[in-house]
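User: I should like to learn how to read burial and aromatic contacts in a protein model. Could we begin with the general idea and then turn to the case at hand?

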Amino acid sequence: IGRNITEQRQAVDALRASEEQYRAIFDATSDGLNLRDAEFHVVDANPAYARMTGYTLEEIIGRDFVTTLSLRDSKVARDLHARALAGEAVRIESKAMRKDGTLFDCEVHGVPMSYGGKPHVLYIGRDITARKRAEEARLEAERKYHAIFDNAVEGIFQSTPDGRLLSVNPALARMCGYASPEQIQSEVTDLGRQLYVDPQQRHRYQQEMERKGAVSN
C-alpha cells in the first residue's frame, strides 16, 4: 500500500522552519522574553532575560520565577496573569531585583498567545533605568528653571513673534501693573501694541534679534 506524503512532509518542514525562525528571533532580541503557562511557570526564556535578571536559564525555566517587586505580591501577579490569559495585553512598570540584589527599573508587557495548543502569556521585559534617570534629571532641571523664573526680581517672559505672551514671571506682571502672570497673559494679546509706547520699537527690536541673535540694554 503506497501513500503520497508529500504534503505532510511539506507541512512538517514548514513547521520546523517556523520554529527555527521563532527561536532565532526569541534568542536574538535585546528585550528580556519569558513565556509562561496558565500556572505562571516559565516554560521558555531568552538569554536577554537571563542577563537582565542575573540568573541562568536553568534557574529560570520551569519555575514560578519573579524578579519584579510589585509582582512579588502573588495576588497582583495572579490578577495580571489572569487578565493576560483572558486576551488582554497588560503592562506594568516597577522596580525589579537582580540575583545579586541590585535594583533596576523595569517595564513589562504581557501578550496573550497560544503555545502547544494551550493559552500562554509572553512577557516582554525592558530595563528602563537609564530612561527613568534621564526623566528624573529633566524634571529636576525644570524644577530649578521654574524656581529661578518664578523668584527672579527681573521681569522674564516668552512671546510669539506676533506678540502673544507664552509665559510671564510674577516680577514682570508686577512691573507692568498686573495682579498676576495669568492676568497679563489673558489680557495682553498684542505685546507691541499694548505694552510698547511705540509699537514700531518692538519691530526694530525683533529685527535686531534676528540679525544679532540677542539684544541687551
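Analyst: A residue is called buried when its relative accessible area is under 20%, and exposed when that value is over 50%. Please note that this structure is a predicted model.

User: Is Phe 40 buried or exposed?

Analyst: Phe 40 counts as buried, because its relative accessibility is 10%, and the cut-off for burial is under 20%.

User: How many aromatic pairs does the structure hold?

Analyst: Two rings pair if their centres lie within 6.5 Å, and planes over 60 degrees apart count as edge-to-face. The structure holds 4 aromatic pairs. In one of them, Phe 40 and Tyr 123 meet edge-to-face, with 6.2 Å from centre to centre and 80 degrees between the planes. This pair links distant parts of the chain: Phe 40 lies in the loop between strand S1 (32-36) and strand S2 (42-45), whereas Tyr 123 belongs to strand S5 (residues 118-127), 83 residues apart. Tyr 123 is buried, since its relative accessible area is 4%.

User: Which residues do ring pairs link into a cluster?

Analyst: The cluster consists of Tyr 49, Tyr 55 and Phe 65, linked by ring pairs.

User: Which residue lies over the face of Phe 40?

Analyst: That residue is Arg 36, at 4.3 Å from the ring centre of Phe 40.

User: Is Lys 212 buried or exposed?

Analyst: Lys 212, which is in helix H9 (residues 199-212), is exposed because its relative accessible area is 60%. Between Lys 212 and Asp 150 there are 28 Å in space, C-alpha to C-alpha, and the two are 62 residues apart in sequence.

Key
Residues numbered from 1 in each chain as written. Predicted model: local features only at pLDDT ≥ 70, side-chain atom pairs only at ≥ 80, totals over all residues. Heavy atoms only, no water. Phe/Tyr/Trp six-rings, centres within 6.5 Å; stacked < 30°, edge-to-face > 60°. Helix = DSSP H or I, 4+ residues; strand = E, 2+ residues; numbered from the N terminus. Buried < 20%, exposed > 50% of the residue type's maximum accessible area, 1.4 Å probe, protein only. Lys NZ or Arg CZ within 6 Å of the ring centre and 35° of its normal.
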